[in-house]
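Reader: I am new to this structure and would like to go through it step by step. Could you show it to me before I ask about its details?

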Amino acid sequence: MKHRLYPISLLALACGLLCCSPQAVPSNTEASSPQNQVFSSKKPRQPYQAPAAGCWPQRYLQHLLVGSKKSHHFAMERLLDLGASAAAPIAEEIRVNKSNPAALGYLVNLCSALAGSHVSAEGEVLFELLGQKQPPVVRSAAYEALAELLPPDPNQRTLELVRLEQESAPRIAGFRALAKYGNHDGMQFLFQLVKGWLESADASLANQVPGQDAWNALLLVENPEVAFFLQRLESLLPPYLSLEAYGVRIDLGETDLAEAIRPFMNAEQYPSPGTRSLALELLAELGDWDSVLAARLDGANKVQMTLVGVLRRPDAVEAKIGQDLLEEWATNAPDPELKYQALRGLLERGYSNRLDPYLRLAREFPLAKGSMEALQVLGKEGIADARTASILIPRWPYCEGNQRIDLLRALTRTGSMEAANFLLTLALDQEKDPEIGHLAATILANFGEQVVPLFVRLWRERPTLNTALSVVPGLGRYPQVPAARDLLRELAASSVVDDRIRRATLEKFPLIFKQQGFDLLMDLLQHEERAEIKVFIESILNEYY
């Protein structure tokens with residue numbers, strides 16, 4: 001059994017193909033080993049047997065019980081995709097294994113999978129599981145699943161089970177389940193724990209009572225009745241917790257709390273920037289913009305950042321609240337991050353001309369003073385302008401080393417086809433600078449479905465192993481596009497491409513195509529003529545499907 005976990009994601013796809021640098025991987029014009037040696041490392045296994053119709057849940061449950069960590073992760077994803085159709089088999093597996101001390105990890109995964117089915121009626125098995133003596137990790141998973149499924153609980157079994165909990169992790173999970181149920185008795189239980197915690201004068205006792213955990217759960221309750229319990233605690237709450245309680249009450253529809261919240265903006269009385277920042281967010285939620293804008297005089301960076309953040313709210317943007325403040329800080333803020341966030345706020349309001357000073361400096365990159373700082377701004381998230389690509393691309397001949405890398409990153413934010421085509425040009429010309437060419441092709445994948453034809457062209461014009469290191473993960477981002485799907489299948493099936501490309505493509509099929517990878521691999525298996533490649537495809541099918 002393999003023991004290393006490679007997350008099922010496109011990042012893992014890229015990592016799998018990019019583990020060797022372009023310089024370290026011989027091109028297919030170099031001498032290579034006999035073709036069959038590329039696939040010989042996979043030991044022959046039993047012939048693959050596809051599951052019977054309607055039995056995919058059972059097959060993926062087998063992979064949760066026995067298999068590599070990669071296949072465990074893949075099986076969990078597929079069970080979540082199957083949703084309600086997998087609920088009954090999962091519940092049955094919990095019943096079968098609930099007394100098996102060797103199945104702890106399996107039970108945890110089963111609870112998570114059952115929660116993802118969203119079939120409340122199957123939640124009864126969780127009460128059966130919690131009714132037995134189980135380790136904390138299993139009880140935690142069962143409570144977390146209860147919080148998602150909320151099966152019928154007329155006798156308040158969840159509350160009675162949570163009352164008995166002594167371990168921290170399952171108790172916290174149980175509190176959250178009570179919060180999700182949101183019934184009166186559960187709220188009363190949490191309230192009493194919080195009240196005892198706040199009233200305790202003995203610090204050691206306060207640490208023993210799970211009051212903080214109960215408070216965190218009480219804040220999650222969506223039943224409007226929770227406001228009654230929060231009001232009863234109001235006189236006992238320290239400043240930050242008071243504001244958290246006000247936040248819940250605002251979410252529940254109370255609109256007359258601004259007067260109670262404004263005093264928390266007093267820096268002398270409440271020196272914690274975190275407390276004042278939370279008060280500021282709540283005042284913005286209430287639309288008390290005069291109080292919000294008064295915070296411009298607060299010198300704490302955290303408060304200033306929060307102020308810029310609330311001025312980017314849709315209601316603030318629509319009413320043009322704080323326009324002058326954003327203008328001032330976008331130009332003169334001493335903190336670079338505050339300056340950037342204020343600029344971003346202006347751009348979101350449609351003031352694209354506020355980028356003009358940075359674009360002017362970028363026209364002289366990297367020679368002009370301040371042009372590097374301008375490029376860094378243009379490369380930040382949320383800073384996109386149609387003019388950027390046409391300004392930066394002509395500066396390429398003047399750049400070298402890291403300057404080129406910084407310029408490519410800035411081009412990524414543009415999302416323009418002009419930038420994408422420039423990246424393709426660099427990728428096609430990898431002989432001059434393999435590292436830059438490879439980086440350009442990697443960045444190209446971030447431009448969306450529109451770049452699939454560019455990746456196809458890259459492969460057609462430069463069909464090398466190094467190109468495949470970029471093309472396969474790039475196309476793997478967009479398996480829903482027919483052209484991407486077709487080329488990936490071509491690379492996996494072709495008898496003329498380098499076997500290393502075939503292998504690298506085949507082993508990524510489950511990660512790229514998910515459940516659809518099964519049909520694609522079965523089709524490839526049926527039409528493959530070479531025995532060693534058939535064995536390799538069957539090994540992938542056995543591992544994932």
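Reader: Where does H118 lie, and is H118 buried or exposed?

Author: In this predicted model, H118 belongs to the loop between α5 (104-117) and α6 (124-130). Its backbone has a positive phi of about 60°, although H118 is not a glycine. Since a residue counts as exposed at over 50% relative accessible area, and H118 has a relative accessible area of 59%, the term for H118 is exposed.

Reader: What is the phi of K320, and where is K320 placed?

Author: K320 is exposed, with a relative accessible area of 55%, and K320 is not a glycine, yet its phi is positive, at about 55°. As for its place, K320 sits in the loop between α19 (314-319) and α20 (323-332).

Reader: Which peptide bond is cis, with omega near 0°?

Author: The place to look is the loop between α22 (356-362) and α23 (371-378), where P366 lies. The peptide bond with omega near 0° is the one that leads into this proline, from F365 to P366.

Reader: How many aromatic pairs are there, and what kind of pair do F74 and Y544 make?

Author: With ring centres required to lie within 6.5 Å, the count comes to 15 aromatic pairs. For F74 and Y544 the centres are 5.1 Å apart and the planes stand at 75°, and planes over 60 degrees apart count as edge-to-face, so this pair is edge-to-face.

Reader: Which parts does the pair of F74 and Y544 tie together?

Author: Both F74 and Y544 are buried, and they belong with Y48, W56, Y60, F518 and Y545 to one aromatic cluster. The charged end of R78 also sits over the ring of F74, 4.7 Å from its centre. Because F74 lies in helix α3 (residues 69-82) and Y544 in helix α34 (residues 531-544), the pair ties together parts that are 470 residues apart in sequence.

Reader: Why is the pair of F175 and F189 edge-to-face, and which helices hold the two residues?

Author: The centres of the two rings, F175 and F189, are 6.1 Å apart and their planes are at 65°, so the pair is edge-to-face. F175 is buried, with a relative accessible area of 1%, and F189 is likewise buried, with a relative accessible area of 14%. The pair ties together parts that are 14 residues apart in sequence, because F175 lies in helix α9 (residues 168-181) and F189 in helix α10 (residues 184-199).

Reader: How do α9 and α12 pack, and which residues meet there?

Author: The axes of α9 and helix α12 (residues 211-218) are 8 Å apart and make an angle of about 30°. That angle is under 35 degrees, so α9 is roughly parallel to α12, and their crossing is right-handed. On the α9 side the residues are S168, I172, F175, R176 and A179, and those they meet in α12 are D213, A214 and A217.

Reader: Is R276 buried or exposed, and with which residues is R276 in contact?

Author: R276 is found in helix α16 (residues 273-285), and at 4% relative accessibility R276 counts as buried. Leaving aside neighbours within four places in sequence, the residues in contact with R276 are F264, M265, N266, A267, Y270, P271, D298, A300 and V303.

Reader: At what distance from the ring centre of Y398 does R395 lie?

Author: A charge is taken to sit over a ring when, among other conditions, it is within 6 Å of the ring centre. R395 lies over the face of Y398, and the distance from the ring centre is 4.1 Å.

Definitions and conventions: Residues numbered from 1 in each chain as written. Predicted model: local features only at pLDDT ≥ 70, side-chain atom pairs only at ≥ 80, totals over all residues. Heavy atoms only, no water. Phe/Tyr/Trp six-rings, centres within 6.5 Å; stacked < 30°, edge-to-face > 60°. Helix = DSSP H or I, 4+ residues; strand = E, 2+ residues; numbered from the N terminus. Buried < 20%, exposed > 50% of the residue type's maximum accessible area, 1.4 Å probe, protein only. Lys NZ or Arg CZ within 6 Å of the ring centre and 35° of its normal. Axes fitted to C-alpha atoms, helices over the stretch in contact; angles between N-to-C directions. Parallel < 35°, antiparallel > 145°, perpendicular 65-115°, else oblique. Left-handed = near helix turned anticlockwise from the far one by under 90°. Contact = heavy atoms within 4.5 Å.
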